[in-house]
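Thanks for coming, everyone. I would like to spend a few minutes on cysteines and aromatic rings, so please have a look at the structure first.

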Amino acid sequence: MNTTDILIIGAGHAGVECALALRNNGFSGAITLLSAEQELPYERPPLSKALLAGSTDTERIRLRAQSVFDEQRVDLVLGCSIVRLDVANNEALAADGQRWRYRHCVLATGAHARMLPQPTGVDVFAIRTLADVAGLRARLAAGMRLLVVGGGYLGLEAAHTAAKLGAQVTVLEQGAAIMPGRVSLHAAGYFDALHREYGVQLVTDCRIERWSHDEQGWQAQDANGAVHQGDLVLVAVGATPDMALAQDAGIACANGILVDQECRTSAAGVFAIGDCAAALRPECGGHVRVESVNNALVQAKLVAALLTGKPVAAARPPSFWSEQCGKRLQMAGLLLPHSEILDKVVSTARGWVVERYQDGVLRVVEAVDSPVEFMQAVKRIGADANP
Amino acid sequence: MPKAIFVSPQGQESEVDIPSGWSLMEGAREHGVNGIVAECGGGAICGTCHVQVDGAWFAHTGTQEMGEEALLEVVPERVETSRLACQVIMSDELDGIRVTIPSEQLGF
């Protein structure tokens, strides 16, 4: 039986930041950081971009060198998968039989790529881990035909990367526009045009009814009868939070591990942060799960502050970014469900900002090539349209 | 391998080896240098990797794009030789470069 003070399960952006922030705040007890993966913790955004493109490598996207964990006395354990959490007895059981008794537990288990019943098998890929990218990278080459299922952020980023590598890319999106329900019409239109400029074929309103595979590769037949051919398929239809551990432990979950505004789960002494956590956001009237590096870092620091008695930073609108076709889309804020949106597009010196209002209140800001204007607009989130 | 010296707001110096081609930000992050947040992972859109480059070195750090210039205008503790660490690329020419980390990064 291992004993520790803080057991952090998951060593992605959130887990790593939490461990180091605890030390930074002066926490002197034992910190154990568990990763189910074999590699040192790494940044996730480059997976669909620079790493897939081959312009960076695994060493360069590491979150920290091993020496940092050693110097900060964070016990980083790689290749360790926790299979059961006993919240009554504050114990965690790993697949290899190791056990940890903890005083506090932080679940930072992240999310995994959602897969589809079809297509599966040979030449079907997802992008979530280093191993995923290695597999896809090895097969991507000039002239290869890539079908990307899902026109969301990840699918589009990967589509662009693949197109730059010379692949013939087709994105199959079932919604009426790319990034449906996520961005304004203006932003969708802007990136739609850019992707087409780079030669990516975007097919929207596309519902695949039948997948088949033969020596010619994969064929996807859509509801309109059109058949899309590919050598490779990338499934990019979203990520599912890794909450099985929490669910089995009887911790309240819904669209993620449910936590309050302090990232506390329904189990005493257990927190959840990052992609796996659905936090109560009163301004949205419910629990919202945010997938972004910013959210992971903010929640990690919040828990570290709570555990060390430090002041908690004032809440700010969650932010997010996506890079497609060499352009960075910045976003901040959350939309209310079921409420009409009024978009105001503002031209800036080099780009644009979209202010998204609901019921007369600024809720979300989007921007490209306007980092300063973006920041200024984000400060007004929550304020009235006409103060 | 070229090295960079990061000076904390309290004056503590950390000497860090950074491979040529890596940005100062990547080097700082890899070695756990505190105070460089790099929230956007190096895209010059968040301003949280701001550093004050020592005078003599500033001229060697390369050109600034307009996006970086605009961000530097709003970062806390901005000086004439401020740069975004993600935009300064390490090379043998920058071996020994000294930069100071501000006590505050953009609260963003």
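**Aromatic pairs and cysteines**

Let me start with Y190(A), which at 23% relative accessibility counts as partly exposed. Please keep in mind throughout that this is a predicted model.

The ring of Y190(A) pairs with that of W352(A): the centres are 5.3 Å apart and the planes stand at 75°, so the pair is edge-to-face. This pair links distant parts of the chain, since Y190(A) lies in helix 6 of chain A and W352(A) in strand 26 of chain A, 162 residues apart. W352(A), at 7% relative accessibility, counts as buried, and together Y190(A), F191(A) and W352(A) form one aromatic cluster.

How many aromatic pairs does a search of the whole structure find? The search finds four over all chains, and one of them joins Y153(A) and F320(A), whose ring centres are 4.5 Å apart with planes at 45°, so this pair is tilted. Here too distant parts of the chain are linked, with Y153(A) in helix 5 of chain A and F320(A) in strand 23 of chain A, 167 residues apart. Y153(A) is buried, at a relative accessible area of 17%.

A charge also meets a ring, as the charged end of R328(A) sits over the ring of W321(A), 3.7 Å from its centre.

Turning to the cysteines, the search of the whole structure finds zero disulfides. For C80(A), the closest cysteine sulfur is that of C105(A), at 12 Å, which is too far for a bond; C80(A) is buried, at 6% relative accessibility. For C276(A), the closest cysteine sulfur belongs to C253(A), and at 8.8 Å that is again too far for a bond, while C276(A) is buried, with a relative accessible area of 0%.

How values were computed. Residues are numbered from 1 along each chain as its sequence is written. Chains are lettered from A and ligands numbered from 1 in the order in which they are written. This is a predicted model: local features need pLDDT of at least 70, side-chain atom pairs count only at pLDDT 80 or more; totals for chains, interfaces and linings use all residues. Side-chain values use heavy atoms; hydrogens and water are left out. A disulfide is a pair of cysteine sulfur atoms within 2.5 Å. Buried means under 20% relative accessible area, exposed over 50%, partly exposed in between (1.4 Å probe, protein chains only). Rings of Phe, Tyr and Trp (its six-membered ring) pair if their centres lie within 6.5 Å; planes under 30 degrees apart count as stacked, over 60 as edge-to-face and the rest as tilted. Helices (H or I, at least four residues) and strands (E, at least two) are DSSP runs, numbered from the N terminus. A charge sits over a ring if NZ of Lys or CZ of Arg is within 6 Å of the ring centre and within 35 degrees of the ring normal.
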